[in-house]
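The following report goes through one protein chain, from its overall surface and fold to its core, its aromatic pairs and its cysteines.

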Amino acid sequence: MNRIVSQARNVLNDYIPDVWIYTDLNKGSRQGESSGFAVSLCAETNKDCFITADDGYDEHASAEDNLPENVGERAALRLLDEILYVNILELPSKLIEWSR
């Protein structure tokens, strides 16, 4: 879990230094049928909008793709893509406000 968090934080810290990642780990019987691991990342905007992205162990992927560091990096990059997408969607309304 620490390897996932560290890599996600490394990616996100390039854009914002104040990154908080909380962990929740289930072991043993609480883990259920899960054979791997996953991460869900959430960002909150100034307008109380939540943007999320996640990634996890894929039994059909290569061993290298399933390294915890790669899972953390992919999740962080997906979150940044979602943030960019939301900003693009809000851009036309911002342009309208600026032109008034």
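What does the accessible surface of the protein chain come to, and what share of it belongs to carbon and sulfur atoms? In this predicted model, the accessible surface of the protein chain comes to about 7,700 Å², and 50% of that area belongs to carbon and sulfur atoms. Of the 100 residues in the protein chain, 23% are buried.

**Fold and core**

The protein chain has two helices and two strands, which, read along the sequence, follow the pattern α-β-β-α. Among the contacts between residues at least 6 apart in sequence, 47% join residues at least 24 apart.

The largest nonpolar core has 18 residues, and those with the most contacts inside it are A8, L12, I21, V39, L41, A76 and L79. Two or more residues of this core come from each of the elements α1, β1, β2 and α2, with α2 giving the most, namely six residues. For A76, one of the residues with the most contacts inside the core, the partners beyond four places in sequence are A8, V11, L12 and L41.

**Aromatic pairs**

A pair of aromatic rings is described by the distance of the centres and the angle of the planes. The structure holds two aromatic pairs. In one of them, the rings of W20 and Y22 have their centres 6.5 Å apart and their planes at 20 degrees, an angle under the 30 degrees that bounds stacking, and the pair therefore counts as stacked. Both W20 and Y22 are exposed.

In the pair of F37 and Y57, the ring centres lie 5.8 Å apart and the planes meet at 65 degrees, which is over the 60 degrees required, so this pair is edge-to-face. This pair links distant parts of the chain, since F37 sits in the loop between α1 (2-12) and β1 (38-44) while Y57 sits in the loop between β2 and α2, 20 residues apart. F37 is partly exposed, with a relative accessible area of 29%, and Y57 is likewise partly exposed, with a value of 37%.

**A buried asparagine in a loop**

Is N66 buried or exposed? Because its relative accessibility is 9%, below the cut-off of 20%, N66 counts as buried. Its place is in the loop between β2 (50-56) and α2 (68-99). Leaving aside residues up to four places away in sequence, N66 touches F37, G56, Y57, D58, A61 and V71, so that both members of the edge-to-face pair are included among its contacts.

**Cysteines**

The structure holds zero disulfides. C42 is in no disulfide, and the nearest cysteine sulfur to that of C42 belongs to C49, 9.1 Å away; C49 is in no disulfide either, its nearest cysteine sulfur being that of C42 at 9.1 Å. Why is there no disulfide between C42 and C49? A disulfide requires cysteine sulfur atoms within 2.5 Å, and the sulfur of C49 is 9.1 Å from that of C42.

The table sets out the relative accessible areas of the partly exposed residues named in this report.

| Residue | Relative accessible area | Class |
|---|---|---|
| F37 | 29% | partly exposed |
| Y57 | 37% | partly exposed |
| C42 | 48% | partly exposed |
| C49 | 30% | partly exposed |

Methods
Residues are numbered from 1 along each chain as its sequence is written. This is a predicted model: local features need pLDDT of at least 70, side-chain atom pairs count only at pLDDT 80 or more; totals for chains, interfaces and linings use all residues. Side-chain values use heavy atoms; hydrogens and water are left out. Helices (H or I, at least four residues) and strands (E, at least two) are DSSP runs, numbered from the N terminus. Buried means under 20% relative accessible area, exposed over 50%, partly exposed in between (1.4 Å probe, protein chains only). Contact means heavy atoms within 4.5 Å. Rings of Phe, Tyr and Trp (its six-membered ring) pair if their centres lie within 6.5 Å; planes under 30 degrees apart count as stacked, over 60 as edge-to-face and the rest as tilted. A nonpolar core is a set of buried Ala, Val, Leu, Ile, Met, Phe, Trp, Tyr and Cys residues joined through side-chain atoms within 4.5 Å. Accessible areas come from the Shrake-Rupley method with a 1.4 Å probe; for residues, only the protein chains shown count as cover.
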